[in-house]
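Biologist: I would like to learn how to read a model of this kind feature by feature. Could we begin with the cysteines and then widen the view?

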Amino acid sequence: MSKSNFTRRGVLKTGAVAGAGLTLPTYLRADGHAGFTNAPGDSEVVLGFNVPQTGPYADEGADELRAYELAVEHLNGGGDGGMLNTFSSKVLDGTGILGREVKYVTGDTQTKSDAARASARSMIEKDGAIMITGGSSSGVAVAVQALCQEAGVIFMAGLTHSNDTTGKDKKANGFRHFFNSYMTGAALAPVLAAQYGTDRKAYHLTADYNWGYTTEEAIRASTEAMGWETVNSVKTPLTQTDFSSYVAPVLNSGADVLVLNHYGGNMINSLTSAVQFGLREAQANGQNFEIVVPLYSRLMARGAGENVKGIFGSTNWHWSLQDEGSQAFVRSFGTKYGFPPSQAAHTTYVQTLLYADAVTRAGSFAPCAVAEALEDYEFDGLGNGKTLYRGDDHQCFKDVLVVKGKENPESEFDLLEVVEVTPVDQVMYDPAHPQMGGAEATLGECNNGA
Amino acid sequence: MDQIIVQILNGLDKGSAYALIALGLTLIFGTLGVVNFAHGALFMMGAFCAVVTSKILSSSHKVVDETRTDFLGNPLEVDVFYMQDWFGEAAGAAIMDWAVPLAILVSIPVMILIGFVMERGLIKHFYKRPHADQILVTFGLAIVMGEVIKYYFGANPIQTPAPEALSGRVDFGVWLGYGPNAIVYPMWRLVYFFFSASIIAAVFAFLQFTTFGMVVRAGMADRETVGLLGIDIDKRFTFMFGLAAAVAGIAGVMYAPIVSPAYTMGMDWLVLSFVVVVVGGMGSLPGAVLAGFVLGIIESFASMPGVVNLLPGINQIIIYVVAIAILLIRPRGLMGRKGVMED
């Protein structure tokens, strides 16, 4: 007669322990990892590109993905090398990252925080991604950054312009190359003052979410400091398509400038409404009525068509920049895809190179070692001149471009012209600036994960 | 007062779109008994008829201009439009400029065809199924149509301007004694309102004064009896589906210069249009039109800066609040008939 060692209590105990173990998130297990989450093997390393492939920012996401693929090609020694040839750091030699071939997985954020977190989580847990990058919305960036902090991987933000990403919601594992609302205000306001004078009355229409709030706050602060007055500010739903009810009252509000704190489809439609209601030909307070779009992108300008002509705004980067790095990137991207890259493509390409460079300089994929290598790192040759990755808040500081919708475009890509390159010193701020969450906002501790 | 006039005009404009979409929805529900959640997608398809027509009319071939370079430093290839090749510079430019009105001619057969294919190919299989099944299948169809549009046209809205001659503004202030620029309203939006009113009147006239319309109305009231008279009512109802699709499509074409077409357009309008139908009274054509204009004007007033600043978010919920209030007072909607949706 065989004797069984199983007891009812033993089975229950074993089951409970096994169940708890299985339900733990994968990134909490240290199986086979060298003290940090998703440590790569000897032959390859996986990066996670989390971009909006569906939803309102899908076009931006598609361009981001093109740039990521180009960056991977260059890191693995393919193509013409792009900005690897102009980057001031020379440690990347086209053999991948620390000798590992770079592989990648992609996810669809759908421009929704929940979906973005789910796809980032899947890339970390199932695909073994050691770094997550991408985005196209500040809400998404903040959400995914928090997840990466918790999971112990590096997050290299893509297109996110809200102050909060490296302000109120900054994290030790998160890094942003893209500029922010404060910088837009600081760069744009002097140009607006020079163009339109200091005696102006502004009316703000603001997208009713995180990015809209910080952009309005930044533009208001900068323009009011120059003498402008803010007459009114109205929050508009993100889902709004017809802005006529918001635009119609502007002309008789006492304002002579309309600031559209809108992005993407919102901006295209609100600007269209403003033009339809004759704001561009109107006069108020004895001056020509003006419209300002704080954050421009070429893809957005293409959607707005003729309406953007002569309208001022800011952008992180533009393909017409003549520095060696920008031209190298435009050449690589343009040859591969047949059109120039957007600012979203530029920032994601650069973030990928910067991550690979930091790993190589640190000699380790461990997130905290990578973070240390990125903090207070100064580089050049990636567009926008000399750039600093500030250690205090993980925000990049570089020259900011003030652009204007081009009056006589020569091609479908030639929609914006750079009217001023604002020196980096003019857009720097104290890390504890009130717009950035004040002194209470901290990076917290770097997390290596498992 | 000036702002009130402008918001009424805005409301009439928005109401025109609501009314046209709701009219088509009600036609389909009244004839075929189908709850068509793909109707917003038909409105979007109409808007994209305008986009496609515009793209076709502005087709071009490339000519190398050796004196200029492109973004890669190669000789610049400039667009030369076929319309200008064929009809001369001025006439060609005028044809391209009038792309949106010309798109109406394109959209009518295209939308009727889409309607026929939808009805014969898919929806007819769901006539005897519960409304929940119809909603699921037509909602799925709407998603498919949106994704197809996104695949071909991208996610960003596409600027589709009105003709130059109709892109100006009408200064009501001068007419009403408020002085210049006090009440300025975009001309195309007025065109949209009058055009919509004409379409609505034409649909009503068709149903009221033609034999075909009379039979359809009889069929809407009692399908079986009309069938017993030897009339193939199913064929007529299929035609009505095509007509409803064409009405939604034309509404979309004309709306394209107001809000740039995007693949999300159908979903943006769908829920609100259903609210309009329910408030108007399921199956009631005049109810759909009345509710469209009433809710359009209410929404427009709720979006005024003073109102939004006082009650943030009110503009996003006002239609639903009003709908609930109306349905509490009149459960069948403003002009609903007894028996509809009650079996």
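Modeller: Let us start from one cysteine, keeping in mind that this is a predicted model. A:Cys368 has a relative accessible area of 22%, and therefore counts as partly exposed.

Biologist: To which residue is A:Cys368 joined by a disulfide?

Modeller: The partner is A:Cys446, with the two sulfur atoms 2.2 Å from each other, and this pair is the 1 disulfide that the structure holds over all chains. The two cysteines come from distant parts of the chain, since A:Cys368 sits in helix 12 (residues 367-374) of chain A while A:Cys446 belongs to the segment after strand 17 (416-422), 78 residues apart. A:Cys446 has a relative accessibility of 27% and so is partly exposed as well.

Biologist: What handedness does the disulfide of A:Cys368 and A:Cys446 have, and why?

Modeller: The torsion about the S-S bond is what to read here, and for A:Cys368 and A:Cys446 it is about -110°, so the disulfide is left-handed.

Biologist: Why is A:Cys148 without a bond to another cysteine?

Modeller: One reads the distance from sulfur to sulfur, and a disulfide is taken as a pair within 2.5 Å. The closest cysteine sulfur to that of A:Cys148 belongs to A:Cys446 and is 12 Å away, which is too far for a bond. For A:Cys396, which is in no disulfide, the nearest cysteine sulfur is again that of A:Cys446, at 17 Å. As for cover, A:Cys148 has 0% relative accessibility and therefore counts as buried, and A:Cys396, with a value of 0%, is likewise buried.

Biologist: Backbone torsions are another feature I would like to read. Which sign does phi have at A:Asn384?

Modeller: The phi of A:Asn384 is positive, at about 65°, although this residue is not a glycine. A:Asn384 is placed in the loop that runs between strand 13 (377-379) and strand 14 (387-389) of chain A, and because its relative accessibility is 5%, it counts as buried.

Biologist: Where is A:His394 found, and is it buried or exposed?

Modeller: A:His394 lies in the loop between strand 14 and strand 15 (396-397) of chain A, and with a relative accessibility of 0% it counts as buried. This histidine also has a positive phi of about 65° without being a glycine.

Biologist: How should I read the surroundings of a single residue, and which residues does A:Gln435 touch?

Modeller: It helps to leave out neighbours along the chain and look at what remains. Not counting residues up to four places away in sequence, A:Gln435 touches A:Asn163, A:Tyr182, A:Glu217, A:Ala218 and A:Ala221. A:Gln435 belongs to the segment after strand 17 of chain A, and its relative accessibility of 9% is why it counts as buried. Its C-alpha atom is separated by 29 Å from that of A:Pro249, which is 186 residues away along the chain.

Biologist: Let us turn to whole chains. What does the radius of gyration say about chain A?

Modeller: The value is set beside that of a compact globule with the given number of residues; for the 450 residues of chain A this would be near 22 Å, and the chain has 24 Å, which agrees. Along its principal axes the C-alpha trace spans about 105 × 50 × 40 Å. Chain A has 12 helices and 17 strands, and 61% of its residues count as buried. Of the contacts in chain A between residues at least 6 apart in sequence, 72% join residues at least 24 apart.

Biologist: How does chain B read by the radius of gyration, and how many helices and strands has it?

Modeller: Chain B, with 343 residues, has a radius of gyration of 22 Å, which agrees with the value near 20 Å for a compact globule. It contains 15 helices and 4 strands, its C-alpha atoms fill a box of roughly 75 × 50 × 35 Å, and buried residues make up 51% of the chain.

Biologist: Finally, how are surface and charge to be read in the two chains?

Modeller: For the surface, one asks which atoms supply it. Chain A has an accessible surface of about 15,600 Å², with 49% belonging to carbon and sulfur atoms, whereas chain B exposes about 15,100 Å², of which carbon and sulfur atoms supply 69%. For charge, one looks at the centres of the two sets: in chain A, those of the 33 positive and 51 negative side chains lie 8 Å apart, and in chain B the mean positions of the 19 positive and 23 negative charges are 13 Å apart.

Technical notes
Residues numbered from 1 in each chain as written. Chains lettered and ligands numbered in written order. Predicted model: local features only at pLDDT ≥ 70, side-chain atom pairs only at ≥ 80, totals over all residues. Heavy atoms only, no water. Buried < 20%, exposed > 50% of the residue type's maximum accessible area, 1.4 Å probe, protein only. Rg over C-alpha atoms; globule rule 2.2 N^0.38 Å. Areas by Shrake-Rupley, 256 points an atom, 1.4 Å probe, with all protein chains shown as cover. Lys, Arg positive; Asp, Glu negative; His and termini not counted. Charge placed at Lys NZ, Arg CZ, Asp CG, Glu CD. Contact = heavy atoms within 4.5 Å.
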